[in-house]
Amino acid sequence: MKNTIWVPQEKQAVFQSRGEYEALYGGAAGGGKSDALLTEALRQVHIPHYRGLILRKTYPQLSELIDRSRELYTKAYPKARYNDSKHFWLFPGGAKIYFGAMQHTKDRINYQGKRYDFIAFDELTHFTWDEYSYMFSRNRPSGSGTRVYMRSTTNPGGIGHSWVKERFITAAPPLTPIESRMNVVSPDGKLITVKRNRIFVPSTVFDNKRLLENDPNYLANLSMLPEKEKNALLYGDWDSFSGQVFSEWKNDSAHYTDRRFTHVIEPFEVPASWKIYRGFDFGYSKPFAVEWIAIDHDRRAYVIAELYGCTENADEGIRLTPQQIAAKIRTIEAEHPNLRGRRIHGIADPAIAKAETGQSIADMMAGEGVFFDFGDHERLPGKMQFHYRFAFDDEGIPMIYVFKNCRHFIRTVPNLVYDSTNVEDIDTRSEDHIYDCVRYVLMDNPINPRKNSLTKTYGEDPLDMNCEGSVNKYNFYSY
Ligand SMILES: Nc1ncnc2c1ncn2[C@@H]1O[C@H](COP(=O)(O)OP(=O)(O)OP(=O)(O)O)[C@@H](O)[C@H]1O
Ligand SMILES: [Mg+2]
């Protein structure tokens, strides 16, 4: 095509033709994600009041995008000018595309009071849900006649892995629109239902023919990565990524009944002689977590039931008071077949015993008849208890099982990532509420490392020595 400076490749064209409010593109390295975002931002630059914003986590990371924009934008709009100090492009009619960073959640404030018709996140899993969702409030028309929407790209892994996976990847098969409905009460008391839709458009390097032609070595580079990184970046596998803390986690539905080499199992009736614990981690604007854990005579733990206070958005709390949570706990403990009539030992974060003014959270819950002892919240020994318990013995039996109905445990604990500065510990910005609440219970029942554990108990396994048949287990996204 004469004078055409950029033509979308097949998957990029799919992404750029979607009408949903939010769309996520990619899920693996090299699929032409950044190019797709940069060119999508140009769609409305003929409208003088159009404002676009492209975000990356930090300014140094933005420089690559800005360099690419210099190539694409100046070719497409020779009169467009880039303002280096203020990080925006000015187009001939007056439209602007800004580049921005949000290194810390508090940096959201830089966008307060601003509005953008188009907001794009490059490498979305580097952002937390709070950071992403805040930008919904900044996504408003700058004037009449613009389309208002959000677009993102990402690879698996990173602090936001869990919420991004939940929101876009597991919510529906690829290329299936996902609809959320929210109820809002208007000032005159009317209930209004509002709808928003979103979609995931997968791509891998195999969808970027231009890159494969220009740089045939890139495929070899990806295939030489350590196993976990390769699975994530080359094949777009969301269950395997480097930085994952509990890489020994196994969820194998073929073994839910024989309970071998899987941590998730079929629920069963808990024998009357086993002890039952209730772990609790309080949250209001963040989710609260209650996990009920049975301990058998070999000190093996079974996570048997859970109550997790999150909205349909992962890591967003449902804002219940301690009394309201206690009432829910009481109802569940009176009705649940594995809990009713049982003596239940509550253990919670010691922080709930603090009372700066008035009653502590623990006191408020005690007032409702729900009592707790306070757990040992030492972080690293607590993390090691998970590693010791996740390890399988020769027969494939671990020291902790999770009933398959505890879906928030299954969703959040395997997705925890390491902190980039405190490298031995969990990144506390990830969705760690269930992890914390179970940790207090495990620290009350500590075990020693198992001598005959088959898998390494913790840490990276770059050569995947412990994984049987690790090759060819990937299903490419198909549609
Ligand atoms: N439609 C296209 N036409 C020409 N070149 C393209 C096109 N799409 C992508 N490319 C080129 O392919 C290369 C990789 O694309 P891009 O940087 O967008 O991929 P990415 O998915 O963002 O990669 P990463 O995972 O490394 O962030 C770049 O050199 C880019 O210019
Ligand atoms: Mg990129």
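Nine strands form an open sheet in this predicted model, and their order is β3-β4-β5-β2-β6-β7-β1-β9-β8, with mixed pairing. β3 (81-83) and β8 (178-185) each have a single partner strand and stand at the edges, so one side of each is left without a neighbour in the sheet. From one strand to the next, the twist averages 20°. Another open sheet, of 7 strands, also has mixed pairing. Below is a tour of both sheets, the helices that go with them and the surroundings of ligand 1.

**Pairing in the sheet of 9 strands**

- Strands of a sheet pair through backbone hydrogen bonds, and they can do so in a parallel or an antiparallel way.
- β6 (residues 118-121) and β7 (residues 149-154) are a parallel pair with 4 bridges. If you would like a landmark for this pair, Phe118 has Tyr149 of β7 as its bridge partner.
- β2 also pairs in the parallel sense with β5, over 6 bridges. Here Leu55 has Gly100 of β5 as its bridge partner.
- On the antiparallel side, β4 is joined to β5 by 3 bridges, and Phe88 is matched with Tyr98 in β5.
- The hairpin of β4 and β5 has 5 residues between the strands, and Gly94 takes a positive phi near 120° in this hairpin.

**Helices across that sheet**

- α2 lies across four strands, namely β1 (22-26), β2 (51-56), β6 and β7. Its direction is at about 165° to β7.
- α3 lies across β2, β3, β4 (88-90) and β5 (96-101), and runs at about 160° to β5.
- β2 therefore appears under both helices, since α2 lies across β2 and α3 lies across β2 as well.

**How α2 meets α3**

- Two numbers describe a pair of packed helices, the angle between their axes and the distance between those axes.
- For α2 (residues 33-40) and α3 (residues 59-76), the angle is about 55° and the axes are 10 Å apart. That angle makes α2 oblique to α3.
- The crossing of α2 past α3 is right-handed.
- From α2, the contact uses Ser34, Asp35, Leu38 and Thr39. From α3, the residues are Leu65, Arg68, Ser69 and Leu72.
- Sorted by class, this contact of α2 with α3 has 3 nonpolar, 3 polar and 2 charged residues.

**Around ligand 1**

- How many residues surround ligand 1? There are 17 of them, and the closest are Ala29, Gly32, Lys33, Ser34 and Asp35.
- Two elements give two or more residues to this shell, α2 and α6 (209-214).
- Which element gives the most to the shell around ligand 1? That is α2, with 3 residues.
- By class, the shell is made up of 5 nonpolar, 9 polar and 3 charged residues.
- Ser34 and Asp35 turn up in two places here: they are among the closest residues to ligand 1, and they also take part in the contact of α2 with α3.

**The sheet of 7 strands**

- The strand order of this open sheet is β10-β16-β13-β12-β11-β14-β15.
- Which strands stand at its edges? They are β10 (264-265) and β15 (373-374), and each has a single partner strand, so one side of each is left without a neighbour in the sheet.
- β15 pairs with β14 (residues 344-348) in the parallel sense over 2 bridges. Within this pair, Ala348 stands opposite Phe374 of β15.

**How α11 meets α13**

- The axes of α11 (residues 379-390) and α13 (residues 433-444) come within 9 Å and cross at roughly 80°. These helices are therefore roughly perpendicular to each other.
- On the α11 side, the contact has Pro381, Gly382, Gln385, Phe386 and Arg389. They meet Arg439, Leu442 and Met443 in α13.
- By class, the contact of α11 with α13 has 4 nonpolar, 2 polar and 2 charged residues.

Terms used:
Residues numbered from 1 in each chain as written. Chains lettered and ligands numbered in written order. Predicted model: local features only at pLDDT ≥ 70, side-chain atom pairs only at ≥ 80, totals over all residues. Axes fitted to C-alpha atoms, helices over the stretch in contact; angles between N-to-C directions. Parallel < 35°, antiparallel > 145°, perpendicular 65-115°, else oblique. Left-handed = near helix turned anticlockwise from the far one by under 90°. Contact = placed C-beta atoms within 7 Å. Nonpolar A, V, L, I, M, F, W, Y, C, P; charged D, E, K, R; others polar. Near = placed C-beta within 6 Å. Pairing = 2+ DSSP bridges.
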